[in-house]
Amino acid sequence: MDKKKRVIFLVDMESFYASVEIASNPELVGKPVVVCGDPEKRHGITLAANPLAKKAGVKTAMPLWEVKSVCPQAQFVRPHMGKYIEASLQITEILYEFTDQVEPFSIDEQFMDVTASQSLFGSPQHMAKMIQKRIWDEVGVRARVGIGENKIQAKMACDRFAKKNLEGIFELNSTNYMKKTASLAVDELFGVGSRMKRNLYKIGIYTIGDLAKRPLEEMKKRWGVNGHILWLSAHGIDYSPVKNDSTELQKGVGNSITLPRDYIYKEDIQVVLLELADEVCRRVRALHKRGRTISLSFRGADFNHPTGFHRQTTIPFATSDTIEVYQASLQLLEHFWDRQPVRSIGLSLDQLEDDREIQLDLFSHPIKKLQLGKTMDEIRERYGKTAIFRASSLLSSGLLFDRATKIGGHEA
Ligand SMILES: [Mg+2]
């Protein structure tokens, strides 16, 4: 065995939310299960569906009325984010028994570097089977394992192959990567979204193989660092390590909410923005971070005629201060809102950096603000989210009280 060769796993959970619900309620076993929000409050879209429901045609984000028509026997379950987070942490614990290098990538996907674990647990294939069994026995969820020599190979092995075969395990390596992926559509490559796909189609790149054949220089010239990364991905090359500190990875923190009714008055929207800014900043402070880029997105009320926007602004000093983030979001609101009714609002703070290196700004006393925010966070943690709130949340458009029992817009 080549000593320099790494063995990386991507461990992914099948229909995670739905699987966790089924694992905790035997009555759901063998039935099509759809995890969805509350129809009364316009959260009535599909968040997750188990394979039986998917087979019937249910898709993520499908509205409930449509689910009822394509799959009348569907069992509807409200989401319980607290349970999913707990299950995710439990899975992380299991993975840590195989290696100390585990990197949660999303709530239901985790990377592992098991290079040094082979002498203890055997071949990668064998280890993957052991991990699947442990997760099934202890959490009741089916895991799929992509195996590669790096993260991109593991991710592609999982998404494009392990999710589609019976045993839920697939291995890509530098020898078979090109052969297995070259004929796949270019948007099957990790990192290619619909926008990039259109760009690539325009210059005659339709498959991963087409992309791999283009000169690196051309990609770099067109799309800079992104072009470089895409070209490397198409070749299955990736040097990034599996990082066990998940907060290091955190690119940004965002929150969004679907409103219980159309909001048409600026004052109402401002109240929601302040609450979102408060929540986002609280989470950013908890990570000991500050951010410089504030993004705001609106979605219109009429889903058949999509309206809305997604815009961002970058401020000169990184912040985790609610009022500063709120003010930046107000500017975006002023500039880009077309006064159409709004049904869904998202706010995020990106380009995060450590909050230990505070910029000296004599005029706005950032250190004091940080301490005030942290104190508020501590009180909320101890006494609940409604212990301290901004007076505007008492207005009818405020959603804080409604949301106090929820995490990420779902019920905890
Ligand atoms: Mg999954």
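## Helix α1, its sheet, and strand β7

Helix α1 lies across β2, β3 and β4, and its direction makes an angle of about 110 degrees with β2. The model is a predicted one.

Helix α1 spans residues 16-24 and is mostly covered, with seven of its nine residues buried. The buried residues are F16, Y17, A18, S19, V20, E21 and I22. Buried here stands for a relative accessible area under 20%. The cover over these residues includes the strands β1 (8-13), β2 (33-36), β3 (46-49) and β4 (75-77), and also helix α4 (81-96).

The strands that α1 lies across, β2, β3 and β4, make up an open sheet of three strands in the order β3-β2-β4, and the pairing is mixed. Because β3 and β4 stand at the edges and have a single partner strand each, one side of each has no neighbour in the sheet. From one strand to the next the twist averages 30 degrees. Within this sheet, β2 and β4 run parallel and are joined by three bridges. V33 has Q75 of β4 as its bridge partner. In general, the strands of a sheet pair through backbone hydrogen bonds, in either a parallel or an antiparallel sense.

Strand β1, part of the cover over α1, leads to a further strand, since β1 and β7 are joined by bridges. Strand β7 covers residues 143-148, and six of its six residues are buried, so the rest of the structure largely encloses this strand. A143, V145 and I147 point one way from β7, while R144, G146 and G148 point the other way; all are buried. In a regular strand, side chains alternate between the two faces of the sheet.

Strand β7 also pairs with β8, residues 169-171. The strand pairs with a stated bridge count are listed below.

| Strand pair | Direction | Bridges | A residue pair |
|---|---|---|---|
| β2 and β4 | parallel | three | V33 and Q75 |
| β1 and β7 | antiparallel | six | I8 and G148 |
| β7 and β8 | parallel | three | I147 and E171 |

I8 stands opposite G148 in β7, and G148 is one of the buried residues of that strand. I147, also buried, has E171 in β8 as its bridge partner.

Between which elements does the left-handed β-α-β unit form? The unit is made by β7, helix α7 (residues 151-162) and β8, and is left-handed. Its two strands, β7 and β8, pair in the parallel sense.

Definitions and conventions: Residues numbered from 1 in each chain as written. Predicted model: local features only at pLDDT ≥ 70, side-chain atom pairs only at ≥ 80, totals over all residues. Heavy atoms only, no water. Buried < 20%, exposed > 50% of the residue type's maximum accessible area, 1.4 Å probe, protein only. Helix = DSSP H or I, 4+ residues; strand = E, 2+ residues; numbered from the N terminus. Contact = heavy atoms within 4.5 Å. Pairing = 2+ DSSP bridges. Axes fitted to C-alpha atoms, helices over the stretch in contact; angles between N-to-C directions. Right-handed = clockwise from strand over helix to strand, strands pointing away.
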